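Trainee: I am new to this structure and would like to take a close look at a single part of it. Could you walk me through the sheet in the second chain, and then show me what lies around it?

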Amino acid sequence: MAYTPQYYPGASHVAVNRRKHMSGDVEKLRTVSDDDLVAALGHRAPGADYPSTHPPLAEMGEPDCPVRQMVEPTPGAAAGDRVRYSQFTDSMYSAPSIPYFRSYYAAINFRGVDPGTLSGRQIVEARERDMEAQCKAAIESEMTCPALAGLRGCTVHGHSLRLAEDGMMFDMLERTHLEGGNVIEDKDQVGVPIDRKVNLGKPMSDAEAKKRTTIYRTDGVKYRSEEEVLDHVHLVHHRRTMYGYRPETAAETAPGVGPVTYHTV
Amino acid sequence: MVTTTDSDPVQYEIFPQRMLDPSSAQELLNRLEQIEGVTRVLVQGPRLPLTVPSGPGKGVPVDHQAREVIRVGDQVMELQVKVGRIRLEAENDVMEEVRALCEELFPFPFELKEGLFLRRKATVTDYAKYGPDEMVEDKDIYGMTDPNMSPTAKICESCVDTRE
């Protein structure tokens, strides 16, 4: 039987969503055209060629290196694209994803990406076309609610503020707004107006956001109620604290000893 | 240390679960103004800048929809913040009137607290902005301005002289 990684413990729907984000098995909810995405990212004009920092690898003549022969370059690296970034912000009010799981999603499911995880934002740096592929997959999937998450290259502090009356996450630069029930993006990541209105679709209802969220909250699934997750976190903490870089030497948690139960204080 | 006495005015803070749109804020402020005894009202929330303050887009106009001109009583003002909390001071206990008003206007939960939210004594910052306490005619101004306001916006003459 083929091995299926579990990725994350827990039985609640929050844990299930976390597993989905990590495994990349996420539902596609909307379609954003390539040109719209390029305009929203703001790194180049829609339809323009990818600027490059070096000639395509095929033309450069690479040195005789076994690692280079083993690892196939990503499309962006093969073409010599610039390194560019996309950055997402997710509201603490039951947004579908959170920075850690966006990073897991990018690092596990995409090659040649460099995810950066911060408390309120998550950035992915990669060769331009690789970054666009990853960003497009994330923005079109259930990981992103257009009202509770957004592409924000700067001024991300709305993630920790209360929502507006219409359910939109606060944005000092108002990159997105609600228009006829749909979320429209008319500025790029850094707040510069673009010459088009990118339709990101309808925001999730409160119930749907709570169903798709990966956030444990006291008004939703409580972290303390997730026994398997707590047990696993305690196990990792114990091994890391007591055995440092040799967790496999932990006698009381070695294979065959039996289950070790940790109790929340 | 600030101590309160029975003769001091009472202060309240309204903390709605959602941040208010300009029209809702205008309605609330106008209704608060009509409650007898309310002397001061302050709105607080995240700033709405005119231009992008930092990053690659620095200086580009923001044109935020929430930065609207509102009319409260006979005064017209431009909202510079997204209204997140409202602090008010009244000469007598108006807790129940304010609670009834919020229940009528807000379709979402809110918190209403009584406490000390607007300071009564001048701070060093107030001294720099308005001058010595005995020179300030309207002491209600204390606690009503943005503490991060630029010193050049308004500063007492003696401080300007000192700097020169």
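Mentor: Happy to help; we will begin with the sheet in chain B, then move out to the rest of chain B and over to chain A. Please keep in mind that this is a predicted model.

The sheet of chain B is an open one, built from four strands in the order 2-5-1-6 with antiparallel pairing. At its edges stand strand 2 (38–44) and strand 6 (110–115) of chain B; each has a single partner strand, so one side of each is left without a neighbour in the sheet. On average, neighbouring strands in this sheet are turned by 20° against each other, direction ignored.

Now look at one pairing in detail. Strand 1 (residues 10–16) and strand 5 (residues 85–90) of chain B run in the antiparallel sense and are joined over five bridges. A good place to rest your eye is B:Ile14, which stands opposite B:Ile86 in strand 5 of chain B.

Two helices accompany the sheet. Helix 1 (residues 22–34) of chain B packs on the sheet and touches strand 2 and strand 5 of chain B; the direction of helix 1 makes about 165° with that of strand 2 of chain B. Helix 2 (residues 95–105) of chain B lies across strand 1 and strand 6 of chain B, and runs at about 165° to strand 6 of chain B.

Stepping back, chain B has four helices and six strands. Along the sequence they follow the pattern β-α-β-β-β-β-α-β-α-α. Of the 164 residues in chain B, 21% are buried. Take the contacts in chain B between residues at least 6 apart in sequence: 76% of them join residues at least 24 apart.

Chain B also meets chain A, in a contact that takes 21 residues from chain B and 15 residues from chain A. On the chain B side, these residues are nine nonpolar, eight polar and four charged.

That brings us to chain A, which is divided into domain 1 (13–218) and domain 2 (226–265). The C-alpha centres of these two domains of chain A lie 35 Å apart.

Start with a pair of helices in chain A. Helix 1 (residues 13–23) and helix 6 (residues 99–109) of chain A pack at an angle of about 35°, and their axes are 7 Å apart. From helix 1 of chain A come A:Arg18, A:His21 and A:Met22, which meet A:Phe101, A:Tyr104, A:Tyr105 and A:Ile108 in helix 6 of chain A. By class, this contact has five nonpolar, one polar and one charged residues.

Next, find A:Glu140 in helix 7 (residues 128–140) of chain A. A:Glu140 has 19 other C-beta atoms within 10 Å, and because a buried residue needs 20 or more, A:Glu140 counts as partly exposed. Leaving aside residues up to four places away in sequence, A:Glu140 touches A:Lys28, A:Leu29, A:Arg30, A:Thr31 and A:Val32. One of these, A:Leu29, is 111 residues from A:Glu140 in sequence, yet their C-alpha atoms are 5.9 Å apart in space.

Finally, follow helix 9 (residues 227–243) of chain A from end to end. At 1.5 Å a residue, the 17 residues of helix 9 of chain A should span 24 Å, and the end C-alpha atoms are 24 Å apart, which agrees. After helix 9 of chain A comes A:Gly244, whose phi is positive, near 55°.

Terms used: Residues numbered from 1 in each chain as written. Chains lettered and ligands numbered in written order. Predicted model: local features only at pLDDT ≥ 70, side-chain atom pairs only at ≥ 80, totals over all residues. Domains from an automatic or database assignment. Buried ≥ 20, exposed ≤ 12 C-beta atoms within 10 Å, placed from the backbone. Contact = placed C-beta atoms within 7 Å. Pairing = 2+ DSSP bridges. Axes fitted to C-alpha atoms, helices over the stretch in contact; angles between N-to-C directions. Nonpolar A, V, L, I, M, F, W, Y, C, P; charged D, E, K, R; others polar. Expected span 1.5 Å × (residues − 1).
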